[in-house]
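These are my notebook entries on a structure that I had not examined before. I set down what I looked up, in the order in which I looked.

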Amino acid sequence: MQIQWFPGHMHKAAKAVRETLPSVDVLIEVLDARIPFSSQNPMIAQLRGHKPCIKLLNKSDLADPEMTLVWQEYLEKQRNIRTLATDVTTHDSLRQITDLCHKLVPATGLDDEYRNVQAMIIGIPNVGKSTLINALAGRTIAKTGNEPAVTKNQQRIKLDYGITLIDTPGMMWPKIEHENSGYRLAATGAIKETATDNTEVAFATAEYLLEAYPERLIERYQLESLPANDLELIEAIGRFRGCLRSGGDVLLEKASNILISELRSGVLGRITMEDPERVEREQEEVLVAREAKRLKDEARKQGFKKKRNR
């Protein structure tokens with residue numbers, strides 16, 4: 001299954017970002033610390049050019065702390081990129097954001113402690129951007145909700161320490177090229193459930209968890225041994241939680257919903273759904289698929305030309 005979700009208002013939001021970006025000093029991209037690669041919007045890299053960018057690995061309290069450090073090191077190898085692991089319950093990380101803005105955009109005058117910084121904050125839906133903004137502002141400004149794509153328009157927010165924050169709607173991109181990224185985005189709640197098949201997402205999630213976090217599964221679902229595959233895991237969860245039909249068969253959809261819910265809430269523990277080595281392999285697959293499509297399209301064009309010339 002290839003998951004895609006790009007509502008019309010997101011196209012409008014992307015256009016507004018392009019128009020506003022030239023007046024912005026620093027870009028703040030909010031990522032989900034559980035999926036730091038998949039929650040990056042590739043459109044942002046194209047738009048920002050060499051403009052300084054702070055990547056916030058938000059919801060870090062739900063992510064594997066060791067993997068968060070690995071991702072920070074990996075991301076900071078890119079030009080003009082700095083990272084912070086953030087959690088809105090930790091006020092120290094909030095002050096670090098404003099401090100880092102000023103380090104990346106230093107004062108121009110010798111007598112100025114701070115200069116006025118225009119910071120655009122951006123991110124895909126449901127990475128906690130609005131909650132983070134409210135925490136930074138110390139008051140409720142941005143709408144929050146469990147559903148993705150709550151914010152619909154840009155707004156400017158005056159923060160302390162001379163920072164103006166330009167809030168933007170959560171933006172996906174038109175095409176998610178690797179299906180595994182689509183599954184991760186769906187599993188963590190970045191894509192509306194009406195656009196996905198939760199059972200299929202749960203099976204992909206189960207396959208990953210069996211490989212990366214088997215001990216969490218054994219502990220949470222009181223397994224005597226590790227299931228051999230994703231189906232067996234979902235069935236084991238269903239039996240453990242009583243998701244059974246009258247004949248004893250497991251209700252796979254209900255068991256799938258339990259797995260996704262417990263992943264999102266952190267009941268399964270602090271879990272990161274991807275690592276740099278894995279996503280680099282997947283990106284190589286994307287490049288191979290692109291080239292295969294290019295060759296196929298070229299062959300089709302050549303075929304049309306031959307037919308016209310007959």
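**Entry 1. Helix 11 and its charged pairs**

I began with R281 and E277, which both lie in helix 11 (residues 276–309). They are four residues apart, about one turn of the helix. I note here that the model is a predicted one. I looked up the distance between the two side chains and found a salt bridge, with the closest N and O atoms of R281 and E277 3.6 Å apart. Why can residues at such a spacing point the same way? An α-helix has 3.6 residues a turn, so residues three or four places apart point the same way.

I then checked how open the two residues are. R281 is partly exposed, at 41% relative accessibility. E277 is exposed, with a relative accessible area of 57%; the cut-off for that word is over 50%.

I turned next to E291 and R294, which are three residues apart in helix 11, about one helical turn. Their closest N and O atoms are 2.7 Å apart, and the pair forms a salt bridge. E291 is partly exposed at 36% relative accessibility, and R294 is partly exposed at 44%.

**Entry 2. Other salt bridges**

How many salt bridges does the structure hold? I recorded 16. One of them joins the side chains of R216 and E215, at 4.0 Å from N to O. R216 is partly exposed at 23% relative accessibility, and E215 is partly exposed at 44%.

I also found a network of salt bridges that links R184, E274 and E282.

**Entry 3. A buried charge**

I looked up D87, in the loop between strand 3 and helix 4 (91–104). Is D87 buried or exposed? D87 is buried, yet it has no salt bridge. The nearest side chain of opposite charge belongs to R270, 7.3 Å away. A salt bridge needs a nitrogen and an oxygen within 4 Å, so the 7.3 Å to R270 is recorded without one.

I then asked which residues D87 is in contact with, leaving aside its neighbours within four places in sequence. They are N58, S60, D61 and S93.

**Entry 4. Helix 9 and its ends**

I followed helix 9 (230–240) from one end to the other. At its N-terminal end, N229 acts as a cap: a side-chain oxygen of N229 lies 3.2 Å from the backbone nitrogen of L231. Within helix 9, the residues L233, I234, A236, I237 and G238 are buried. What covers them? The cover includes helix 7 (198–212), helix 8 and helix 10 (252–265). Just after helix 9, G242 takes a positive phi of about 75 degrees.

In the loop between helix 9 and helix 10 I looked up R245. R245 is partly exposed, with a relative accessible area of 48%. Not counting residues up to four places away in sequence, R245 touches V250 and L251. The side chain of R245 reaches the backbone oxygen of V250 at 3.4 Å.

**Entry 5. Positive phi outside glycine**

I noted two residues that have a positive phi although neither is a glycine. N80 has a phi of about 60 degrees and sits in the loop between helix 3 (65–75) and strand 3 (81–85). N80 is partly exposed, at 35% relative accessibility. Q222 has a phi of about 50 degrees and lies in the loop between helix 8 (214–220) and helix 9. With a relative accessible area of 61%, Q222 is exposed.

**Entry 6. The second largest pocket**

My last search was for empty space. Rolling a probe the size of a water molecule over the atoms shows where such space is left. The second largest pocket has a volume of about 530 Å³. Of the 24 residues that line this pocket, the closest to its centre are F37, Q40, N41, P42 and Q283. Which elements give two or more residues to the lining? They are helix 2 (42–48) and helix 11. Helix 2 gives the most, with five residues. This brought me back to helix 11, where I had begun with R281 and E277.

Note on methods. Residues are numbered from 1 along each chain as its sequence is written. This is a predicted model: local features need pLDDT of at least 70, side-chain atom pairs count only at pLDDT 80 or more; totals for chains, interfaces and linings use all residues. Side-chain values use heavy atoms; hydrogens and water are left out. Buried means under 20% relative accessible area, exposed over 50%, partly exposed in between (1.4 Å probe, protein chains only). Contact means heavy atoms within 4.5 Å. A polar contact is a pair of N or O atoms within 3.5 Å; within protein, one must be able to donate a hydrogen and the other to accept it, and residues adjacent in sequence count only if both atoms are side-chain atoms. Lys and Arg count as positive and Asp and Glu as negative; His and the chain ends are not counted. On a 1 Å grid over the protein atoms alone, a cavity is a set of points where a 1.4 Å probe fits but cannot get out, and a pocket is an open set with protein on both sides within 12 Å along at least five of seven lines; lining residues have an atom within 4 Å of a point. Grid points are joined across faces, edges and corners, and a volume is the space filled by probe spheres set on the points.
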